[in-house]
Protein chains: 2
Amino acid sequence: MSSLDVFFNPKSVAVVGATPKPGKVGRVIFENFKNKFKGKLIAVNPKYKDVLGVPSYPTLKDIPEDVDLGVIVIPAPSVPKVVRDAAEKGVKGLIIISGGFSETGEAGRKLEEEIKKIIKEHNIRVIGPNCLGVYDAYSGVDTFFLPEERMRRPPKGAIAIISQSGAFAATLLDWAAPRGIGIGKAVSYGNKIDVDDIELMRYFEKDPTVKAILIYIEGLKKGQGLKFVEAAREVIKSKPILILKGGKTKRGVEAAASHTAALAGTYELYKAAFRQAGIIEASGFEDLFDMAKALTTQPPAQGNRVLVLTDAGGMGVMATDALENLGLEVPELSNKIKSQLRERLPPHCIIRNPVDLTGDATDDRYKIVLDATLSSDEIDIALVIAQMQVPTLSEKVINYICEATKYGKPIVVCMAGSEFTEEIAKKMEAINIPVYSSPERAAKAIWALYKYGMYKTRV
Amino acid sequence: MSSLDVFFNPKSVAVVGATPKPGKVGRVIFENFKNKFKGKLIAVNPKYKDVLGVPSYPTLKDIPEDVDLGVIVIPAPSVPKVVRDAAEKGVKGLIIISGGFSETGEAGRKLEEEIKKIIKEHNIRVIGPNCLGVYDAYSGVDTFFLPEERMRRPPKGAIAIISQSGAFAATLLDWAAPRGIGIGKAVSYGNKIDVDDIELMRYFEKDPTVKAILIYIEGLKKGQGLKFVEAAREVIKSKPILILKGGKTKRGVEAAASHTAALAGTYELYKAAFRQAGIIEASGFEDLFDMAKALTTQPPAQGNRVLVLTDAGGMGVMATDALENLGLEVPELSNKIKSQLRERLPPHCIIRNPVDLTGDATDDRYKIVLDATLSSDEIDIALVIAQMQVPTLSEKVINYICEATKYGKPIVVCMAGSEFTEEIAKKMEAINIPVYSSPERAAKAIWALYKYGMYKTRV
């Protein structure tokens, strides 16, 4: 049992500042819980006897039942009093959504100090303040105070998100939802007066529903660098960590400093630390999800030798460029494999690497090449381009690609097109074959599988 | 009048090899013309008296009417005979779809030489052989032999595509269609025994429907480099050229060489040539379209000083990083503008560059900042991030952003999210405001607007 369990799996939750008033943060959060939370829900607001039909109490202390988790959405100056009530009540965890703390100046910083003292004394865990808090697709905890019509919630899934920016966490969930990207957990920790990135990372390490941890970070607190690296090195033994760093350039660092209180620091130092920790760095948020898709569905690669298999020559060339630029190899095939392929493929197919099945490619040509190459020790990963505009290809190609996963090597697919293509892509992704719409994105996903394989071997 | 007009606007077209047999290339092409071509259509096939109800003749010479354009879809060895017939008939242009020429070896090369001799003698223009040929959304010329259910055709629009890879041209059209990206013309020229990239580029320069020229190229023919650069320098005076080069790495060049006959050559030389020519290089095909979207809707930028305006701090940081990494500036605002903004924005807004309107941003705050900055001479371009998860934002923000185009400076928008966001994005794009789903993509579009502005000034 971890002391963070209370944030993700509380038996009972009290929302301090719950209100029936439409549009208010205290209403959105309370409604989220009412609609989705499976445990006991209680309102705290002296103005009401009930909120949306749920009993409301003047203070936490007036609640007859036990309270595991308190969610606080009242103005900053009143928060320390509520934290004291929570201590008296025996509340185990608090998510303090309210802003107006250290991010606004000295008065706010003092309020934070006061809270810190109380929670330390009484052993209460806190996420926040100044945050969106916690989203858990499994238990129904959802303190993200943006209504569903503005911020859709994604399907359940193997990704956990830790974000220093609340708005960005909201963007990620909303963006992921229509794309069917599964997210199980997300935390926006705000000013992190207690629970921080490091502890969350370790928590998700033990969570069996999580297969990849995605982090957006602008800056660590002073002196936390080494601790962060050490924690990450442990975590990546069992699951990959992907990071997007905000504040890489001079002006970017300045922008980050004005936006969060944290010091963004020199990017070069962060970069070196990430590498040392075995953390995979993303260049943007689409890239973050692209790589996560591969890492949550495919095994890490045992080497960097990639087979490029294509039915469109140009796409094969682009994939080769992208792979080589990322430091991956597209090795020439041995004469042994080449002659095997020459025997079984039509003479106009181009048998080298990329293998070009050309514009009259059939499903079984894919099978022939995948079997001959992935069963050998010449190739570590396959990048399969299947341009479905080719009329001789059918849905059967899905089965052949899926069957080839039996060789235990990662397979990544690239296909770009309209509805016909997207239908096939959806079917592939449903059986855990990651599909990308461009050779460059597929190559980057392969890079992540290779990097993670290398990092894992190293630690 | 250009001699290439016959490929895009023929009065009459004869398809040599037209057939009613389902699934055959000669059927798909003939049907394309039958369904969409506005001029006179004729079939040539000795086996039939008519094809799909259209009269068929044994040879081109048997056709009683004039023939502007011949489309040839018969096996390579029979092609020279048809070209001779075309010469006799007075056909002005030929699109030779058939493969089996120089790309297959010596015998094919000889066939090509024979054809070259005839067309030179009789002044016939040829696209191909070994190509998909021509797609013209306006006239209905469409020799792309992939049926609509496999390769959708995009809406009419300001983009023209020239591609050395046929399959890739097909991918681009199919991919663009469901995304509503407007493409007016596309040419896959195959072995380019006559019409080449250079001539097509010059042709599209004069075409008033074309606002941007997109090129996929693996290699120029020997000795064509200088001519290519000179032509491009002329063209970019009136419209931007965007290029995607296949074959940038050692293995990529080798793959290109095995796939097209052309020599891919050293990428560094191409890169230098593109820069000298004022051609904007793309890193992948999504990037190609991203940049084209900005260049076909916004004026080129007169400088590199970018305003970043955001309602989500983290996204502002990422945009700043992306811009700086591309060599653009995100300059500090003058005290004059800052105090103007301080007077008119709430005190918790962060007034620097990026300007952060924060999570309770309203539509009119966007207007206030855009007016104060774009009317000044401190800023050349605006990158506007509007995360619509913020419940206080409405559709009105569209109008304010659109109004700000009156300052004559390019505006690029970034918003990421689900259906609500995408609806707003669609409305913006309908009034020619380019919208991108990530800060990095928006930054790249801005880079293209800046580059084109600089190139235009230089030539």
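Visitor: Before we start, what does buried area mean?
Guide: Picture two parts being put together: some accessible area is lost on both of them. Add up that loss over both parts, and what you have is the buried area.

Visitor: Okay, so how much do chain A and chain B bury between them?
Guide: Keep in mind that this is a predicted model. Carbon and sulfur atoms account for 54% of what the two chains bury. The total between chain A and chain B is about 5100 Å².

Visitor: Which three residues supply more of the area that chain A buries against chain B than any other three?
Guide: Together the trio supplies 16% of that area. Their names are A:Arg150, A:Arg251 and A:Gln389.

Visitor: How many salt bridges does the rule find across the interface of chain A and chain B?
Guide: Let's start with one contact between the chains: B:Glu419 pairs with A:Arg152, with the closest N and O atoms 2.6 Å apart. That fits the salt bridge rule, because the cut-off is 4 Å. Across the whole interface, the rule finds 10.

Visitor: Which element gives the largest share of the side of chain A that touches chain B?
Guide: Several elements give two or more residues to that side, among them α5 (166–176), α8 (250–259) and α16 (439–458) of chain A. The largest share is 9 residues, and it comes from α11(A).

Visitor: How far apart in sequence are the parts that A:Asp68 and A:Lys92 tie together?
Guide: The side chains of these two meet in a salt bridge, at 3.0 Å from N to O. A:Asp68 sits in the loop between β4 and β5 of chain A, while A:Lys92 sits in the loop between α3 and β6, so the pair ties together parts separated by 24 residues.

Visitor: Is A:Asp68 buried or exposed?
Guide: Its partner A:Lys92 has a relative accessible area of 47%, so that one counts as partly exposed. A:Asp68 has just 10%, and the cut-off for buried is under 20%, so A:Asp68 is buried.

Visitor: Which helix does B:Lys293 lie in?
Guide: B:Lys293 forms a salt bridge with B:Glu429, their closest N and O atoms being 2.9 Å apart. B:Glu429 lies in helix α15 of chain B, so the pair ties together parts that are 136 residues apart in sequence. As for B:Lys293, the helix is α10 (residues 285–295) of chain B.

Visitor: Which residues touch the most other members of the largest nonpolar core?
Guide: That core has 231 residues. Setting aside neighbours within four places in sequence, one of the two we want is in contact with residues including A:Ile159, A:Trp175 and A:Leu214. The pair is A:Phe289 and B:Phe289.

Methods:
Residues numbered from 1 in each chain as written. Chains lettered and ligands numbered in written order. Predicted model: local features only at pLDDT ≥ 70, side-chain atom pairs only at ≥ 80, totals over all residues. Heavy atoms only, no water. Buried area = accessible area lost by both parts, 1.4 Å probe. Helix = DSSP H or I, 4+ residues; strand = E, 2+ residues; numbered from the N terminus. Core = buried A, V, L, I, M, F, W, Y, C linked by side-chain atoms within 4.5 Å. Buried < 20%, exposed > 50% of the residue type's maximum accessible area, 1.4 Å probe, protein only. Contact = heavy atoms within 4.5 Å.
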